[in-house]
Amino acid sequence: MGKSVLVTGAGGFIGLSVVKEYARYGWKVFALVHYNIPKELESLDNVIVVQGDVRDTAFLSQFILQVDVVAHVAGLAKDIGSDKKFRNLNFEPIKFLSTIPREKFVYVSSSDVYGIKDFDNADEGTPLLEYPKNPYPRYKIESENWLRKNSKNKYVIIRPAAVWGEGDKTLENRVAEFLRTSPFIVHFGKWRGNCRWPLANVKNVAKTIVSVSMFDKFDNQAITIIDPEKTTIDEYYRTIAAKYFPDKTYKNLYLPLWIGKFIGLISTTVSNMFNLREPIFDPTFYAVHHVSSNLDFTCDKMLDALNMLAEKYDENKTLADV
């Protein structure tokens with residue numbers, strides 16, 4: 001193609017997958033890594049690994065001016081942490097990255113911008129959360145608003161749900177650690193584990209980012225990334241249990257939502273008090289709302305983007321991984 005892209009957060013779970021997909025379709029990739037450089041990243045063709053901080057504007061300027069597209073994947077995706085940390089990592093960089101004139105700016109946001117409550121086939125026109133209390137969705141929303149008002153580029157906003165897939169060392173590991181010691185699969189609230197858990201395969205996230213970089217159909221729009229196959233939170237827990245603990249039998253334990261909120265409030269408060277990198281125990285207050293809500297979104301725009309990519313390269317009818 002002869003096109004080039006700067007991918008921030010290239011050392012992370014999502015970022016690495018994004019780099020691989022760009023390289024697969026012939027892009028020259030500048031892969032920005034903050035700390036540890038994955039060995040797999042160094043072995044990819046057409047990929048130049050750059051080590052630095054996404055907040056270092058002087059350092060990044062030399063690379064942004066060499067590329068056609070900026071894919072901003074880097075950010076802090078956690079349910080604990082200080083407001084200052086989330087602002088510095090999830091909002092401040094976009095004010096620089098999106099204002100250097102390039103062909104296109106692709107921003108990885110989150111489906112959490114819609115709020116954590118019961119949804120039924122919601123789409124990208126769903127209003128964003130008006131007064132987010134948690135700093136994670138707050139600064140994703142602020143970043144999206146900044147793009148709409150100030151970007152000097154065409155942009156596309158990518159809103160992944162709960163990202164999973166090969167190489168996931170965050171969500172899957174966290175559930176596995178809980179199941180390692182718990183004799184129960186615990187569900188809170190009215191859904192009793194039958195609410196939709198909004199899984200987004202990391203390949204679908206990465207392929208959609210590549211597609212919107214190539215095609216103009218989705219310019220200045222948002223796309224929610226969620227797998228077509230619907231999975232309940234109980235099904236997800238049991239899939240992880242079967243993978244890590246195949247000889248262990250779990251019974252379901254159903255508890256009122258207020259008990260989950262109380263447990264979560266303690267975990268969040270203590271974790272933030274001691275500035276921990278990971279929660280002292282699960283669930284956190286934010287996580288309780290996730291696992292007890294029916295987070296059901298449409299994936300029509302994502303499938304459209306994936307099909308456009310597939311048709312151009314004469315691949316499968318659809319590239320969606322479910």
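# A walk through the model, starting where H7 meets H9

Select Leu171, Glu172, Asn173, Val175, Ala176 and Leu179 in H7, and you will find them meeting Tyr236, Tyr237, Ile240, Ala241, Lys243 and Tyr244 in H9. Before going on, bear in mind that this is a predicted model.

**Stop 1: the H7–H9 crossing**

Keep both helices on screen, with H7 shown as residues 171-181. Their axes come within 10 Å and cross at roughly 75 degrees. An angle from 65 to 115 degrees counts as roughly perpendicular, and H7 and H9 are therefore roughly perpendicular to each other.

Now colour the buried residues of H7: Glu172, Val175, Ala176 and Leu179. They cover an arc of only 100 degrees around the axis, so they sit on the same side of H7. What covers these buried residues? Show strand E8 (184-188) next to H9, as the cover includes both of them.

**Stop 2: around helix H9**

Stay with H9 and select residues 233-244. This helix has 12 residues and reaches 17 Å from its first C-alpha to its last, close to the 16 Å expected at 1.5 Å a residue. Pick out its buried residues, Ile233, Asp234, Tyr236, Tyr237, Ile240 and Ala241. Their arc around the axis is only 165 degrees, which puts them on the same side of H9.

Which exposed residues does the face turned away from that buried side carry? Rotate the view and select Thr239, Ala242 and Lys243, the exposed residues there.

**Stop 3: helix H1**

Next, select residues 13-24, which make up helix H1. With 12 residues at 1.5 Å each step, H1 should span 16 Å, and its end C-alpha atoms are 17 Å apart, which agrees. H1 is mostly covered, with 10 of its 12 residues buried. Colour the buried set to see it: Phe13, Ile14, Gly15, Leu16, Ser17, Val18, Val19, Glu21, Tyr22 and Ala23. Just after H1, click on Gly26, where phi is positive at about 90 degrees.

**Stop 4: Ile157 and its surroundings**

Jump to strand E6 (residues 154-160) and select Ile157. Is Ile157 buried or exposed? At 1% relative accessibility, Ile157 counts as buried.

Leaving aside neighbours within four places in sequence, display what Ile157 is in contact with: Tyr107, Ser109, Glu144, Leu147, Arg148, Gln221, Ala222 and Ile223. Try a distance label between the C-alpha atoms of Ile157 and Ile223: they are 66 residues apart along the chain and separated by 6.3 Å.

**Stop 5: Lys149, out in the open**

For another view, select Lys149 in helix H6 (residues 135-150). Lys149 is exposed, with a relative accessible area of 71%. Add a label from its C-alpha to that of Ile259, 110 residues along the chain, and the separation is 42 Å.

**Stop 6: two asparagines with positive phi**

Select Asn121 in the loop between strand E5 (104-108) and H6. Phi of Asn121 is near 55 degrees, a positive value in a residue other than glycine. Asn121 is partly exposed, with a relative accessible area of 48%.

Then go to Asn220, in the loop between helix H8 (202-214) and strand E11 (221-225). Asn220 has a positive phi of about 60 degrees, although it is not a glycine. At 43% relative accessibility, Asn220 counts as partly exposed.

**Stop 7: a cis peptide bond**

Select Asp282 and Pro283 and look at the peptide bond from one to the other: it is cis, with omega near 0 degrees. Pro283 lies in the loop between helix H10 (257-273) and helix H11 (285-291).

**Last stop: the cysteines**

Finish by showing Cys195 and Cys299 as sticks. How many disulfides are there? The count comes to 0, where a disulfide would need a pair of cysteine sulfur atoms within 2.5 Å. The sulfur of Cys195 is 18 Å from the closest cysteine sulfur, in Cys299, and that is too far for a bond. Starting from Cys299, the closest cysteine sulfur is the one in Cys195, again at 18 Å.

Turn on a surface to check how covered these two residues are. Cys195 is buried, with a relative accessible area of 1%, and Cys299 is buried too, at 10%.

Conventions. Residues are numbered from 1 along each chain as its sequence is written. This is a predicted model: local features need pLDDT of at least 70, side-chain atom pairs count only at pLDDT 80 or more; totals for chains, interfaces and linings use all residues. Side-chain values use heavy atoms; hydrogens and water are left out. Helices (H or I, at least four residues) and strands (E, at least two) are DSSP runs, numbered from the N terminus. The expected span of a helix is 1.5 Å times one less than its number of residues. Buried means under 20% relative accessible area, exposed over 50%, partly exposed in between (1.4 Å probe, protein chains only). The arc is that of the directions from the helix axis to the C-beta atoms. Axes are lines fitted to C-alpha atoms, for helices over the stretch in contact, and angles run from 0 to 180 degrees between N-to-C directions. Angles under 35 degrees count as roughly parallel, over 145 as roughly antiparallel, 65 to 115 as roughly perpendicular and the rest as oblique. Contact means heavy atoms within 4.5 Å.
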